[in-house]
Amino acid sequence: ARAALLLLLLAGDAAALAARFPGLPPRPPLCRQCRAAPPRLVGDRSVDVPLDTAEAAVAAGTAAPAAAAAADEPACRIGGAQGDCVGQTSAGAMTINLSKNIVGSGVLSLSAGIAACSGSAGAMAPAALLLLLIGGVSAYSFSLLARVGEENGTGSYRETWAKLFGERSARLVDATIVIECMCAAVSFAIIIGDTFSAVAALCGAPPPLLRPNAWIVALSALVLLPLCLLRDLGSLAFGSVLGTGGTLFTAGFMLFRALDGSYAPGGRFFGALGEAGRPRFGGGSSAGPLSACILVSLVANAFLAHYNAPTMYRQLAPPPRAGASAKLALFNRVVAGGFGLACLVSAAMMTAGFATFGAASSGLILNNYAVGDSLATLARLGVGLSIIFSYPLNFVGLREGLLSLLGWQARAARRTVHAGATVMLLGAMNGLALVVKDLGALAAFSGAIVGSALIYVFPAAMFLQSARRRRAREFVVEAGTGAGALPRIKRREVAANWMLGGLGVVLAVVGGAVAAKGW
């Protein structure tokens with residue numbers, strides 16, 4: 001039974017990362033790994049690939065005629081290697097893919113977000129409501145990106161921005177997503193160190209192996225570096241569906257421990273916890289009202305999937321009733337379902353972790369559970385192994401994005417550049433993980449800066465610019481009628497997006513400052 005559970009856990013976060021693809025076709029050994037290269041052909045369409053954790057990994061796919069693509073990829077399936085199934089993915093499969101895309105390692109920090117605001121058990125209900133509210137706003141901006149892309153005939157986040165604001169300013173989007181990849185790489189290294197050191201403690205390993213930094217150094221050199229040097233990453237997406245089961249198992253395990261009282265005073269694991277890690281409730285936050293920005297930033301980081309919105313819209317199979325409006329309506333239902341499922345899982349894990357440990361909840365909630373808890377050990381081992389296979393997928397986005405920003409994309413296919421960039425970036429990111437240990441603070445900082453930009457500021461800016469251009473095109477002055485005006489609902493949406501963009505700027509500044517100080 002434990003072996004079966006372990007198999008379900010093998011791809012925990014790989015599910016979220018593989019869903020961001022949502023597929024990883026193999027690449028030729030010496031292909032040009034260049035996200036800024038001219039658009040490639042997917043079937044009979046020319047598609048620009050967005051720079052994100054997943055799409056950057058497959059940015060150098062080769063062109064193929066429509067007939068060959070149809071023969072090689074007969075159908076899109078969840079977690080399969082059909083990342084370019086344009087118009088072939090069903091609404092049900094897309095809903096599950098989207099929920100997997102959203103639920104990742106970020107949910108393991110949400111309990112610490114509540115603890116940053118208050119240690120009272122009564123804080124769970126407001127925190128859950130805040131999570132649902134932010135989830136709804138994130139779902140709206142996710143749908144908005146698809147709508148703006150459809151209106152402007154673009155197929156990726158970056159392409160939409162470049163068309164509306166110019167190619168030069170698109171570097172801002174590139175840099176933002178590179179920062180996200182950097183934060184994710186450091187977060188992954190922290191999780192690897194913490195999880196494997198805890199498993200080593202249970203196995204009675206010698207003292208040197210009980211240190212997280214020892215595992216970070218050893219696995220970086222022996223495992224992560226060879227994986228990151230691979231040109232073909234298709235085999236690393238094997239655990240997408242199993243990873244979904246692993247995520248659900250972890251959520252179920254946390255709910256079970258919250259209800260069975262094992263960590264409450266007098267419980268069988270209470271005595272195994274250190275004084276600082278024992279559950280405690282009551283009291284407020286030393287950060288004052290600004291502490292809410294930490295929770296908002298963590299939730300934003302947990303819901304960050306927006307760079308894939310145009311890609312997922314493109315891959316969604318159109319409804320029988322033709323027309324862009326019908327497909328947009330279907331996509332909105334997919335978004336509602338995907339974000340709804342993600343909200344339920346995230347809220348369950350957030351409240352379960354806080355209900356168990358209260359103000360003692362750490363930035364990586366699995367660290368709170370006793371080393372002797374066999375279910376927690378399975379969760380740790382599964383998450384650790386899944387992160388190992390997820391790390392290269394994120395790393396490709398980081399490496400190719402940085403080379404693109406430096407203008408070295410033409411050299412990316414050279415073995416010396418490929419190997420040199422891999423070694424230096426891996427050393428830099430995992431070197432930071434040897435010093436930065438607060439996963440919650442890192443996730444909050446990433447959510448405040450990157451999440452606010454990609455979820456609130458950039459989508460609102462693109463909508464406003466698109467609306468301005470549309471109004472200019474439709475502005476017709478007829479004799480005796482005067483100038484036309486936007487419909488009332490459009491004026492309200494324009495005002496709402498001004499507020500959304502302003503809110504994102506405030507959250508980025510305030511949340512980033514609070515998160516940088518830690519809690």
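Which residues form one aromatic cluster? In this predicted model, the cluster is made up of F142, F303, Y313, F331 and F339. The search that covered the whole structure returned 15 aromatic pairs. Two of these pairs are described further below, after an account of the chain as a whole.

The chain has 519 residues, of which 56% count as buried. Its secondary structure consists of 17 helices and 2 strands. The exposed area of the chain is about 20,200 Å², and 67% of that area is supplied by carbon and sulfur atoms. When contacts between residues at least 6 apart in sequence are considered, 80% join residues at least 24 apart.

Among the aromatic pairs, Y263 and Y369 have ring centres 5.3 Å apart and ring planes at 85 degrees; the pair is therefore edge-to-face, since planes over 60 degrees apart are classed in that way. Y263 is located in the loop between α10 and α11 (292-302), and Y369 in the loop between α13 and α14, so the pair ties together parts of the chain that are 106 residues apart in sequence. Both tyrosines fall under the 20% cut-off for burial: Y263 is buried, with a relative accessible area of 1%, and Y369 is buried at 2%. A second pair is formed by Y391 and F395, with ring centres 6.1 Å apart and planes at 20 degrees; this pair is stacked because its angle is under 30 degrees. Y391 and F395 both belong to helix α14, where they are 4 residues apart, about one turn of the helix. Both of these residues are buried.

The structure contains 8 salt bridges. Two of them share the side chain of R257. In one, R257 meets the side chain of D260, with an N to O distance of 2.8 Å. D260 and R257 are 3 residues apart in helix α10 (residues 240-260), so about one helical turn separates them. The two partners differ in accessibility: R257 is buried, with a relative accessible area of 3%, whereas D260 is partly exposed at 32%. In the other salt bridge, R257 pairs with D373, and the closest N and O atoms are 2.8 Å apart. This pair links distant parts of the chain, as D373 lies in the loop between α13 (324-357) and α14 (374-405) while R257 lies in helix α10, 116 residues apart. D373 is buried, its relative accessibility being 0%. The loop between α13 and α14 thus holds Y369, from the edge-to-face pair, as well as D373, from this salt bridge.

A network of salt bridges links R158, E167 and D174. Within this network, the side chains of E167 and R158 meet with an N to O distance of 2.6 Å. R158 counts as buried because its relative accessibility is 9%, under the 20% cut-off. E167, by contrast, has a relative accessibility of 48% and counts as partly exposed.

How many disulfides does the structure hold? The number is 0. C181 takes part in no disulfide, and the nearest cysteine sulfur to its own, that of C183, is 9.5 Å away. C183 is likewise in no disulfide, with the sulfur of C181 as its nearest cysteine sulfur, at 9.5 Å. The pair is not counted because a disulfide requires cysteine sulfur atoms within 2.5 Å. Such a bond is a covalent one between the sulfur atoms of two cysteines. C181 counts as buried at 0% relative accessibility, and C183 also counts as buried, at 10%.

On the surface, V217, L432, L434, V435 and V436 make a nonpolar patch of about 400 Å². One of these residues, V435, sits in the loop between α15 (415-433) and α16 (439-474). V435 counts as exposed because its relative accessibility is 67%, over the 50% cut-off.

Methods
Residues are numbered from 1 along each chain as its sequence is written. This is a predicted model: local features need pLDDT of at least 70, side-chain atom pairs count only at pLDDT 80 or more; totals for chains, interfaces and linings use all residues. Side-chain values use heavy atoms; hydrogens and water are left out. Patches are made of residues with over 30% relative accessible area and no salt bridge: like charges are joined within 9 Å, nonpolar side chains (Val, Leu, Ile, Met, Phe, Trp, Tyr) within 5 Å. Accessible areas come from the Shrake-Rupley method with a 1.4 Å probe; for residues, only the protein chains shown count as cover. A salt bridge is a side-chain nitrogen of Lys or Arg within 4 Å of a carboxyl oxygen of Asp or Glu. Buried means under 20% relative accessible area, exposed over 50%, partly exposed in between (1.4 Å probe, protein chains only). Contact means heavy atoms within 4.5 Å. Rings of Phe, Tyr and Trp (its six-membered ring) pair if their centres lie within 6.5 Å; planes under 30 degrees apart count as stacked, over 60 as edge-to-face and the rest as tilted.
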